[in-house]
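Q: Please take a close look at one part of this model. Start with a single side chain and work outward to what surrounds it.

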Amino acid sequence: MKKVITWLITITFALSFLFIGLGCAQEAEPVQETEVEAVEQPAEEAAEEPAEEPATEPEEEVAEDYSDLGPLKLFTDKPGWQNGWDAVFAGFKEKTGIDVEMTGYTEIDTYTAAVKTGISTQQGPDVFTWWSNYKLEDLAKEGLLADMESLYEPVRDKYNEGILESFSYDGTVYGAPVLVASWIMLYNTNVFEEQGLSEPTNWDEFIDVCETLKSNGVTPIALTISGGWTSFFWFQQILASNYPEAYKAVCAGEQSYESEEVEQTFLIWKDMIEKGYFTDPGVDLGEEIPPMFAKGEVAMTYCGDWFTAYFDQIELTGGEDYSMFVIPPKVENVPKTVIFEAGPLCISANASNMEAAELFVQYWLSDEGQQIWSETMNYISPNADVPADHLDSVKTKIADDVFADPEAQLIVRYWEATLETITLPACAALDKFVLNPDSYQDVMAELEKLSSEAWEEFRS
């Protein structure tokens with residue numbers, strides 16, 4: 001299966017892949033022939049020179065062509081990151097000869113069903129993006145994920161153990177990090193400058209920013225319930241930033257969704273909706289919010305910092321066109337709290353191309369693979385040996401204000417912090433609240449019913 005080929009053949013393959021990777025955009029320039037004038041050397045000089053040693057043939061390097069192990073099947077719910085995927089796939093193919101066939105999904109419930117159905121057989125993806133904590137645990141305890149411990153052996157010290165822990169179940173790592181992102185407020189710097197605004201440092205200042213924008217015809221904040229999974233954004237932010245311990249307890253099924261802290265969360269959110277701080281919730285997260293933001297129709301959007309990839313696609317520049325701040329809490333004397341997510345790449349235990357899948361994850365974890373991904377996506381790499389000097393000033397600010405701030409309390413995103421059997425139905429309930437804020441008590445009761453039943457089943 002694995003063929004030993006010579007270094008010369010490897011070079012030929014590499015150039016061929018590079019050429020293909022460039023989409024044959026440029027034709028190779030013809031080699032120009034150059035006439036060389038022969039110069040006769042005096043016999044004496046020739047005699048004094050030592051005889052030239054015969055040229056040594058370069059030592060053959062052994063490479064292995066793994067192309068017949070593929071094509072690798074990869075599923076992702078992040079098709080918008082096409083540039084990053086393409087760059088890593090090209091690097092992987094140059095290294096191994098293996099093609100990657102990617103299938104992207106934009107609807108989360110469709111994606112979740114496709115992966116779960118697929119990986120129970122050999123017809124599904126070999127590799128797929130997923131979520132950490134409870135969502136990964138659900139698949140791992142069913143025996144649907146491949147053990148990645150051996151793939152980490154050469155690079156273990158480059159990755160934070162806390163991140164790997166969020167990808168682990170029963171002491172075994174089942175994921176390789178696709179991203180580690182913080183959830184922050186991104187704002188249009190030109191709009192802020194035009195309105196004489198600065199980054200708010202407390203809740204009152206934040207509300208003043210919203211009021212100023214609204215009174216000048218700019219929608220303060222983008223809000224969406226599109227895709228069936230996005231309505232938890234502001235629920236998690238308000239609850240976690242004001243009542244962090246209650247947030248963790250609610251997510252873990254240890255506190256009721258009908259508790260005082262959750263009710264206060266809905267009341268704060270309801271007040272913001274009724275004051276007109278948000279866009280029409282029907283706007284699409286990836287298709288409509290970025291151009292609205294670029295045009296200054298909406299000034300701020302709250303999301304994971306991976307959302308800047310959408311800004312990159314429409315040629316907005318971090319530090320020039322947009323920047324970020326951590327949303328302050330309304331409740332006083334609460335520590336600075338920031339939501340974070342760590343999304344893994346997993347291998348199906350039933351992968352039909354298991355060897356190709358393992359090679360891909362090894363490449364993904366390597367310095368080369370991570371550097372390509374980080375540079376193309378402008379993401380902070382979790383691999384400690386990958387330099388960060390290519391990052392824009394917004395990513396540097398996130399690194400300083402969030403990950404390097406010892407005062408900041410990092411809390412896992414709602415999507416991963418609670419059971420998968422809760423998240424999507426909970427989003428459906430939260431959709432009802434967004435469309436009818438007066439329904440918040442009914443929504444709280446619905447969430448509590450969902451949670452109590454799901455945790456009872458989980459613990460049984």
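A: A residue counts as buried under 20% relative accessible area, as exposed over 50%, and as partly exposed in between. Asp401 has a relative accessible area of 26%, so it is partly exposed. The model is predicted.

Asp401 has a salt-bridge partner. That partner is Lys397, with the closest N and O atoms 3.4 Å apart. Both residues belong to helix H17. They are four residues apart, about one turn of the helix. The general rule fits here: an α-helix has 3.6 residues a turn, so residues three or four places apart point the same way.

Helix H17 runs from 393 to 403, and it is part of what covers the buried residues of H16. That makes H16 the next stop. H16 spans residues 367-377. Its buried residues are Gly369, Gln370, Trp373, Ser374 and Met377. These residues cover an arc of only 125° around the axis, which puts them on the same side of H16. Besides H17, the cover includes helices H3 (82-96), H14 (308-313) and H15 (354-365). Strand E8 (176-188) also contributes to the cover. Just past the end of H16, Asn378 has a positive phi of about 60°.

Strand E8 leads on to the aromatic rings. The count of aromatic pairs is 50. One of them joins Tyr187 and Phe325. Their ring centres are 5.8 Å apart and their planes are at 40°, a tilted arrangement. Tyr187 sits in E8 and Phe325 in strand E11 (residues 322-325), so this pair ties together parts that are 138 residues apart in sequence. Tyr187 has a relative accessible area of 9% and is buried. Phe325 is buried as well, at 3%.

The rings of Phe232 and Tyr414 make another tilted pair, because their centres are 5.9 Å apart and their planes are at 35°. Phe232 belongs to helix H10 (residues 232-242) and Tyr414 to helix H18 (residues 414-417), so the pair ties together parts that are 182 residues apart in sequence. Phe232 has 0% relative accessibility and counts as buried. Tyr414 counts as buried too, at 1%.

What about the rest of H10? Eleven of its eleven residues are buried, so H10 is largely enclosed by the rest of the structure. The buried residues include Phe233, Trp234 and Phe235. Gln236, Gln237, Ser241 and Asn242 are also among them.

Now the charges around H18. Arg413 forms a salt bridge with Glu416, and their closest N and O atoms are 2.5 Å apart. Arg413 and Glu416 are both buried. Elsewhere, salt bridges that share partners join Lys158, Asp367 and Asp385 into one network. Back at H18, the charged end of Lys135 sits over the ring of Trp415, 4.5 Å from the ring centre. A second charge over a ring involves Arg156, which lies over the face of Tyr152 at 5.9 Å from the ring centre.

The structure holds 17 salt bridges. One of them links Asp438 and Lys270, at 3.3 Å from N to O. Asp438 lies in the loop between helix H19 (420-435) and helix H20 (440-459), and Lys270 in helix H12 (residues 260-274), so this salt bridge ties together parts that are 168 residues apart in sequence. Its two ends are unlike in cover. Asp438 counts as exposed at 57% relative accessibility, whereas Lys270 is buried at 14%.

Last, the setting. The chain has 20 helices and 13 strands. Of its 460 residues, 51% are buried. Take the contacts between residues at least 6 apart in sequence: 76% of them join residues at least 24 apart. The accessible surface comes to about 22000 Å². Carbon and sulfur atoms account for 48% of that surface.

Key: Residues numbered from 1 in each chain as written. Predicted model: local features only at pLDDT ≥ 70, side-chain atom pairs only at ≥ 80, totals over all residues. Heavy atoms only, no water. Buried < 20%, exposed > 50% of the residue type's maximum accessible area, 1.4 Å probe, protein only. Helix = DSSP H or I, 4+ residues; strand = E, 2+ residues; numbered from the N terminus. Arc of directions from axis to C-beta. Contact = heavy atoms within 4.5 Å. Phe/Tyr/Trp six-rings, centres within 6.5 Å; stacked < 30°, edge-to-face > 60°. Lys NZ or Arg CZ within 6 Å of the ring centre and 35° of its normal. Areas by Shrake-Rupley, 256 points an atom, 1.4 Å probe, with all protein chains shown as cover. Salt bridge = Lys/Arg side-chain N within 4 Å of Asp/Glu carboxyl O.
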